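Biologist: I should like to go through this model with you, one part at a time. Please show me the sequence and the structure before we begin.

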Amino acid sequence: MSGTIVNTLIHGLSRQMVQARLDTADAKPFTFATHFPLKKVNGFIWRTLGNQLEKKNVAADLHTDNGTILRKRRPIFESAKGDIPFISISREMSRSEIKDYQTALAFAQDDDATKLVSWWGNDIDFCFNGVQSELEFIAWKLASNAGRLAFTTTTNATYANEFDLDYDVDPEMKLKTTVDWNNKETADVIGDLKTLVKFAKDHDLNPKFAFVNLDEFYKIASSEQVIKACASFAANALGISQTPDLAQVNQMLARQAWLNGIQLRVIDQTVTREFADGTHTSGNPFEDSRMVISESERLGTTQYDILQENDELILRAERAHTVIKKYGTIEPKSEVTIGQADAVPVFDTAYRNLYVRTDAKDWDE
């Protein structure tokens, strides 16, 4: 049972100090806001862009002065929407830790809590990072699984399946490679990309980027075909080869005919989840043996709204979509820090991407 909420038990701590700490939290490790930029909405409802399947650059026709102008067909409206989920994480400072802080403050001989920022600042960082990690997880799990994400007891500590996401992507856009790219001797990376680019062009798409996780990039870069294609003429003549880096692979792809100048984008992320029993699991949210081929590096938006609150007993700070709250409780005596957001990555380009399994398996396997 929760105790009575009181003002912060951290002597000398103010709302302005919490806001300053939140403003300086490092968001650079998180990539979702680059490929799913933040967008504030009203009403806690997310929506994808409409008319994504509209054909680009439809040419006009020649007509006589008095003739009837042919009406062009409007595209089928392809959109998705839903409720924005509530994301939250908290951490508690126990009674003994509060005593330690008060002892340190006494030795400091003043009430300047900024001198003891490590006692309270780390919890703000932890909660800020927790919110961003969940958005990172949703963005890349959703994209690499062709617009589907089920929240289960293994993907969410508090199971909430009412927020399962399914963009109902056309099965035709879910493809597979001709051979398994795990086999470095037989992987036909360039040939498969050529086939995929042609398929995209035939469907009025203009593919420019291919998203993969770090393990998948390693498979690509270590395949014999790619190593040979990246090596210089002199190196090939001498039989010398080495695994190329990302820049070298992208330079090679840019030189390949029929690949439309496609470039790899590598998602190298690790998200850790803690469950109710205290166990942890960590991994890259971008699925293994998957590639998402897109026209743009911007795959969608992270849509959010802010719930306005007025509680004088709570120290509250905002940074874009993220809200941090700090307060004390009487029984049990503790200091609580909460990070929360009403936000979700929205997959705006869901219907204009190709989704590829690089293990040569069907998507329903």
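Biologist: Leaving aside neighbours within four places in sequence, which residues is F347 in contact with?

Modeller: The model is a predicted one, in which local features need pLDDT of at least 70 and side-chain atom pairs count only at pLDDT 80 or more, while totals for chains, interfaces and linings use all residues. Residues are numbered from 1 along each chain as its sequence is written, and side-chain values use heavy atoms, with hydrogens and water left out. Contact here means heavy atoms within 4.5 Å. On that basis, F347 touches F36, T48, L142, A143, G147, Y167, L299, N353 and Y355.

Biologist: What is the mean pLDDT of the chain?

Modeller: The pLDDT is the predictor's confidence in each residue, from 0 to 100. A value of 70 or more is reached by 83% of the residues, and the chain mean is 86.

Biologist: Over which residues is the pLDDT below 50?

Modeller: Where pLDDT is low, the predicted coordinates should not be read in detail. The stretch concerned has ten contacts in the model beyond near neighbours in sequence, and its pLDDT is below 50 over residues 70-77.

Biologist: Which helix gives the most to the largest nonpolar core?

Modeller: A nonpolar core is a set of buried Ala, Val, Leu, Ile, Met, Phe, Trp, Tyr and Cys residues joined through side-chain atoms within 4.5 Å; buried means under 20% relative accessible area, exposed over 50% and partly exposed in between, with a 1.4 Å probe and protein chains only. The largest such core has 70 residues, and Y167, V249, M291 and F347 have the most contacts inside it. Helices (H or I, at least four residues) and strands (E, at least two) are DSSP runs, numbered from the N terminus. With eight residues, the helix that gives the most to this core is α4, residues 117-144.

Biologist: How many residues are in the second, separate core?

Modeller: That core includes Y101, L315, A317 and I324. Its number of residues is 18.

Biologist: How far apart in sequence are the parts that the F36 and F347 pair ties together?

Modeller: Rings of Phe, Tyr and Trp (its six-membered ring) pair if their centres lie within 6.5 Å; planes under 30 degrees apart count as stacked, over 60 as edge-to-face and the rest as tilted. F36 and F347 form a tilted pair, 6.2 Å centre to centre with 45 degrees between the planes. Both F36 and F347 are buried. F36 is in the loop between α2 (32-35) and β2 (38-40) and F347 in the loop between β17 (334-346) and β18 (354-357), so the parts tied together are 311 residues apart in sequence.

Biologist: Is the pair of Y167 and F347 stacked or edge-to-face?

Modeller: Y167 is buried at 3% relative accessible area, and F347 is buried at 0%. Y167 lies in the loop between β7 (165-166) and β8 (174-176), 180 residues from F347. The ring centres are 6.0 Å apart with 80 degrees between the planes, and the pair is edge-to-face.

Biologist: Over the ring of which residue does the charged end of R91 sit?

Modeller: A charge sits over a ring if NZ of Lys or CZ of Arg is within 6 Å of the ring centre and within 35 degrees of the ring normal. The charged end of R91 is 3.8 Å from the ring centre, and the ring belongs to F126.

Biologist: With which residue does R91 form a salt bridge?

Modeller: A salt bridge is a side-chain nitrogen of Lys or Arg within 4 Å of a carboxyl oxygen of Asp or Glu. R91, in strand β5 (residues 86-93), is partly exposed at 34% relative accessibility. Its partner is in helix α4, 32 residues away, and the closest N and O atoms are 3.4 Å apart in this bridge with D123.

Biologist: How many residues apart in sequence are the parts that R273 and E134 tie together?

Modeller: The side chains of R273 and E134 meet in a salt bridge of 3.0 Å, N to O, and both residues are buried. R273 lies in strand β11 (residues 271-274) and E134 in helix α4, so the parts are apart in sequence by 139 residues.
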